[in-house]
Amino acid sequence: DSAVLLYVLSQLSKQKKIAKIYAARFHHGLRSQDEMDRETEIVSWFTRTLGVELVEGRADENRMDDACQTFGLEGGARILRYEFLEDTARRLACPLIAFGHHQRDQQETLIARFFAGSGLSGLAGIPARRRVSRQGDAPLLVRPMLDIEYAKIEVAAENLCTQFGRVFYHNDSSNQDNSIQRNSIRNSLLPELQRHFPGMQSSMQRLAGDVRDIVSWHEQILPGYLQEQEEAGGVKLKLKAFFSLPPALRSNYLMRIQNRIVPEKTGRISRKAFAAIENFSLSDSSVLSKNTHFFRGFGIIVKSQGDTLYVLPQGSGINGQVQETDFFSSFVESATTPALPDGSLLSATVIEHVSAINFPLMIRSMLPGDTAPDGKKMKKWLQKHCSDAHMRPKCLLIENLAGKTLAVISPEGVLL
């Protein structure tokens, strides 16, 4: 796909229909040297044949290890690759970066996000164009083949092989590794779904387009409805207007604000992180009438003061700080992530207790309907494990992203 796109763009550039183009290649250091040598020979020959300048980069091994540990193999590799592409585009004064994503890539993305429980923005699929990073002057990332069927790209590649008298592209061997989620979807799940639903390609394209239209409409309407204003590097808005939104729109709005105010390296936020906020309603007047710490994680804090809700970068304060907190929610990505209302970490005892469960975790105040770690009613469990009746409403629960309660701790972080 990328090789076919490069050929098409090179021909357009020669015909003066677009400006000068460059080819960019990034070595992640994840494949064998033999394979990289074979790929280098093909890429070098192809770019020379097309008369296109090739720019190459290589990942720093330590940075690659750190990124993959934090964001997973695919996420870490993507972050370093995009950094290289943005830096290269800026250095060469290129306003656009073109990717070879096609219709099948869109389908794989939608399937993965659907089964992961994505929100509206996720179901909008891969955008045809966006900034390569969250900086306002960043080069624009474009995907000119996004609506093209992969079968048509294969036919074009076969024709070009005949024209050149040799194979002009290299297939990454890691694409056959089904332990990688996207590969498993492509190689196993997608063919089976297409067998049962022959028209799914156009249906999924239409769905993504419809959701994009809805998300775009919300992005235009919501700031006015919420009376959104800039504040301390983030935004402030009307508290009751926000909680009058349907739960899904609350999460989608917060994800959009996080995308706007937090560096991209913080990671993609999950809708599951906002489960507690989605569970609130306007009837929760005992909480909404007080200064409340609703969420902390992924580089943002969500808290209220009076009738105003603030979404700010972590570390920002509202007139100093919010003093009185009636509800607390924190997304804990690792053992070194601030977890408790006072900003302290989880104790070694608590971490050891939940060590069988992988991070990230949610730590939050209790809500009606919560279940205890043994799956039974929380009220009876607290009566048995917390002798101080005044302390029980202030206890915090630790849950995984599936919503299962793993432990209950005191506000100071003591395991009950």
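Buried means under 20% relative accessible area, exposed means over 50%, and partly exposed lies in between, with a 1.4 Å probe and protein chains only. This is a predicted model, in which local features need pLDDT of at least 70, side-chain atom pairs count only at pLDDT 80 or more, and totals for chains, interfaces and linings use all residues. Residues are numbered from 1 along each chain as its sequence is written, and side-chain values use heavy atoms, with hydrogens and water left out.

**Exercise 1. Place Lys 238 and its salt-bridge partner Asp 307.**

Step 1. Fix the term. A salt bridge is a side-chain nitrogen of Lys or Arg within 4 Å of a carboxyl oxygen of Asp or Glu.

Step 2. Apply the rule. Asp 307 and Lys 238 meet at 3.8 Å, N to O.

Step 3. Locate both ends. Asp 307 sits in the loop between β9 and β10 (308-313), while Lys 238 belongs to strand β7 (residues 234-238), so the pair ties together parts that are 69 residues apart in sequence. Helices (H or I, at least four residues) and strands (E, at least two) are DSSP runs, numbered from the N terminus.

Step 4. Check the cover. Lys 238 has a relative accessible area of 31%, so it is partly exposed. Asp 307 is partly exposed too, at 48%.

**Exercise 2. Set out the salt bridges of Arg 90 and Arg 260.**

Step 1. Start with Arg 90. Its partner is Glu 86, and the closest N and O atoms are 3.0 Å apart.

Step 2. Look at the spacing. Arg 90 and Glu 86 are four residues apart in helix α3, so about one helical turn separates them.

Step 3. Compare the cover. Arg 90 is partly exposed at 34% relative accessibility. Glu 86 is buried at 8%.

Step 4. Turn to Arg 260. It bridges to Glu 228, with the closest N and O atoms 3.0 Å apart. This pair links distant parts of the chain: Arg 260 is in helix α10 (residues 247-261) and Glu 228 in the loop between α8 (200-226) and β6 (229-231), 32 residues apart. Arg 260 is partly exposed, at 42%.

Step 5. Note the general point. Side chains of opposite charge can pair when their charged atoms come close.

Step 6. Take the total. The model has 18 salt bridges by this rule.

**Exercise 3. Which residues form the negative surface patch, and which form the positive one?**

Step 1. Fix the rule. Patch residues have over 30% relative accessible area and no salt bridge; like charges are joined within 9 Å, and nonpolar side chains (Val, Leu, Ile, Met, Phe, Trp, Tyr) within 5 Å. Accessible areas come from the Shrake-Rupley method with a 1.4 Å probe, and for residues only the protein chains shown count as cover.

Step 2. Assign the charges. Lys and Arg count as positive, Asp and Glu as negative; His and the chain ends are not counted. A charge is placed at NZ of Lys, CZ of Arg, CG of Asp or CD of Glu.

Step 3. Name the negative patch. Its members are Asp 60, Glu 61, Asp 65 and Asp 66. Glu 61 belongs to helix α3 (residues 61-91). Glu 61 is exposed, at 62%.

Step 4. Name the positive patch. Lys 376, Lys 377, Lys 380 and Lys 384 make it up. Lys 376 is in the loop between β12 (361-365) and α14 (378-385). Lys 376 counts as exposed, at 57%.

**Exercise 4. What makes the nonpolar surface patch?**

Step 1. List the members. Phe 114, Phe 115 and Leu 189 make a patch of about 350 Å².

Step 2. Pick one. Phe 115 lies in helix α4 (residues 103-115). Its relative accessible area is 63%, so Phe 115 is exposed.

**Exercise 5. Is strand β14 enclosed or open, and how does it pair?**

Step 1. Count the cover. Five of the five residues of β14 (residues 405-409) are buried, so the strand is largely enclosed by the rest of the structure.

Step 2. Find the neighbour. Strand β13 (residues 396-399) pairs with β14 in the antiparallel sense over four bridges. Two strands pair if DSSP finds at least two bridges between them.

Step 3. Name one contact. Leu 396 has Ile 409 in β14 as its bridge partner.
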